[in-house]
Amino acid sequence: MKKRIFSGAQPTGNLHLGNYLGALKNWVALQDEYESFFCIVNLHAVTLPQDPQVLRQKTLDLARIYLASGIDPEKSTVFIQSDVSEHAELAWILSCTTRMGELERMTQFKDKGKGNAERAGVGLFTYPVLMAADILLYQTHLVPVGQDQKQHLELSRDLAERFNRDFGETFVVPEPFIPPVGARIQSLADPAKKMSKSDENANGAIFLMDDADTIVKKLKKAVTDSGTEIKFDETRPAINNLLTIYQLMTGKTAAECEANFVGKGYGHFKTETAEAVVEFLKPFQERVKNYTDEDLKAILRTGAEKAKTIARETLTDVYGKMGIVGALN
Ligand code: AQP
C-alpha cells in the first residue's frame with residue numbers, strides 16, 4: 001500500500017509564488033508516489049474575519065488553482081474541509097488533550113493575533129489543533145508544507161504521540177516534508193518577512209494570477225542591497241530570495257544561476273527574473289480557465305465522499321477508545 005500525504009491551503013486572499021513553491025509544487029511532485037489528500041481548508045479561513053460572498057468564491061477558485069497547478073483528481077483526493085465534519089469533531093477531541101502552554105508558544109498566533117491575545121479569536125488560538133485533526137484523520141505519513149508550518153506540524157506529532165500513549169495505538173505520527181529550496185519565499189518589499197497573502201504592501205508578493213506587467217513592475221521595485229555580486233548567500237536575504245525564485249522558475253542548478261549573472265547588474269537580474277516568472281506562470285494561468293464551476297463541484301463532491309469514509313473510520317476508533325458512545329449507534 002502507498003503511504004499517505006495530506007496538505008491544504010486556505011481559500012483566503014490570492015495565492016502567491018510562496019504558496020506554490022513551498023507547498024503546491026511539491027504536492028504535484030509527490031502525488032504519484034503517495035496516496036494524496038489535498039484539502040481546501042475553509043474552516044481555517046474563518047479564524048480571521050471573512051466576507052461570506054468572497055469566501056464562497058475563493059473556495060472554488062482555490063480548487064481551480066490546485067488543478068491548474070497539476071493536481072490530478074484521478075490520482076489525488078481533492079475536497080473541501082467543511083464537507084467532512086469529522087475535522088471539526090476530532091479538533092474538539094484533540095483540543096481536550098492540548099495544553100494551553102503548547103498553543104501559547106505558537107508563533108503564527110502571535111503574528112496573526114498581532115500580539116493582542118485579548119482581542120484575538122479563540123479559533124485563531126486553536127488553529128494548530130484543527131490542523132492536527134486534518135492531518136491525523138487520514139493516518140497521514142507525510143505533510144508537504146512551507147517552513148512557516150513546521151511548528152504546527154511538530155504539535156500534530158506531539159498530539160498523535162500523546163493520544164497513542166494514553167489510549168493505545170491510534171494515529172500514524174506524521175513527518176513534515178519541507179522542500180530544501182523554496183520552503184520560505186520572502187517578501188519582495190521586505191526580505192526579512194515571508195511572502196504573504198495578507199501583506200499590506202501590494203508589491204511584496206507575486207500572485208499566481210498577476211499579469212505580466214504587474215510582475216515586471218513588482219520585480220523592478222524589489223528591494224536589493226548595497227552589494228553587487230549575484231550569489232546565493234543567506235546573509236544577503238534580498239538577493240538570496242530573488243535568486244531562489246529565479247532558480248525555481250528556470251529549473252537551473254544553483255551554480256548555473258550564479259554563472260548566468262556573473263558581471264551583470266541588479267537591473268538586468270530583476271528583468272531576467274521577471275521574464276522567467278512570466279514564462280512560468282503563463283501556461284498555469286491558461287489552465288486556470290479550463291475548469292467550470294460544475295466540473296469543480298463534481299470533483300470536490302467525489303473527493304469529499306472518499307475523504308469522509310476514511311475520516312469516519314478514524315473518528316469511530318477514537319471515540320471507541322475514549323469511551324464516547326451515543327444512543328444512536
Ligand atoms: N512565503 C512562503 N514561502 C513558502 N511557502 C509558503 N507558504 C505560505 N507562505 C509561504 C505555504 O503555503 C501553504 C498554504 O498556505 P496557507 O493558505 O495555509 O496560508 P499561510 O501559511 O497563512 O500563508 P500566507 O500566504 O502567508 O497567508 P496569510 O497572509 O494569510 O498568512 C502552506 O503549506 C504554507 O506553509
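This report walks through a predicted model, from its nonpolar cores to the surroundings of its ligand.

**Two cores**

Let us start inside the protein. The largest nonpolar core has 55 residues, and L17, Y66 and V277 have the most contacts inside it. Which helix gives this core its largest share? That is helix α12 (residues 266-288), with nine residues. Domain 1 (4-178 + 293-322) and domain 2 (212-288) both contribute residues, so the core lies between them.

You can pick out Y66 in the structure and look at what surrounds it. Setting aside residues up to four places away in sequence, Y66 touches G8, A9, L24, W27, F38, C39, I40, I71 and V78. Another core, of 40 residues, lies apart from the one that holds Y66, and it includes L136, Y138, F163 and L315.

**Around the ligand**

Next, turn to the ligand. There are 22 residues around it, and H16, D148, S196, K197 and S198 come nearest. Both β1 (4-9) and α1 (17-30) supply at least two residues of this shell. Which element gives the most to the shell? It is α1, with four residues.

The table lists three polar contacts between the protein and the ligand.

| Residue | Protein atom | Ligand atom | Distance |
|---|---|---|---|
| K112 | polar side-chain atom | oxygen | 2.8 Å |
| G146 | polar backbone atom | oxygen | 2.9 Å |
| I185 | backbone N or O atom | nitrogen | 2.8 Å |

How much of the ligand does the protein bury? Taken alone, the ligand exposes 650 Å², and the protein buries 96% of that.

**Two residues to find**

G13 sits in the loop between β1 and α1. Its relative accessible area is 38%, so G13 counts as partly exposed; the range for that label runs from 20% to 50%. Leaving out residues up to four places away in sequence, G13 touches K58 and K197, and K197 is also one of the residues that come nearest to the ligand. Try finding Q31 as well: G13 and Q31 are 18 residues apart in sequence, and their C-alpha atoms are 25 Å apart in space.

Now look at T244, which is placed in helix α10 (residues 237-250). Is T244 buried or exposed? T244 counts as buried because its relative accessibility is 11%, and the cut-off for buried is under 20%. Beyond its neighbours within four places in sequence, T244 is in contact with V181, G182, I185 and F232. Among these, I185 is a residue you have already met, with a backbone N or O atom 2.8 Å from a nitrogen atom of the ligand.

Definitions and conventions:
Residues numbered from 1 in each chain as written. Predicted model: local features only at pLDDT ≥ 70, side-chain atom pairs only at ≥ 80, totals over all residues. Heavy atoms only, no water. Core = buried A, V, L, I, M, F, W, Y, C linked by side-chain atoms within 4.5 Å. Buried < 20%, exposed > 50% of the residue type's maximum accessible area, 1.4 Å probe, protein only. Domains from an automatic or database assignment. Contact = heavy atoms within 4.5 Å. Near = heavy atom within 4 Å. Polar contact = N/O pair within 3.5 Å; in protein donor to acceptor, adjacent residues only side chain to side chain. Areas by Shrake-Rupley, 256 points an atom, 1.4 Å probe, with all protein chains shown as cover.
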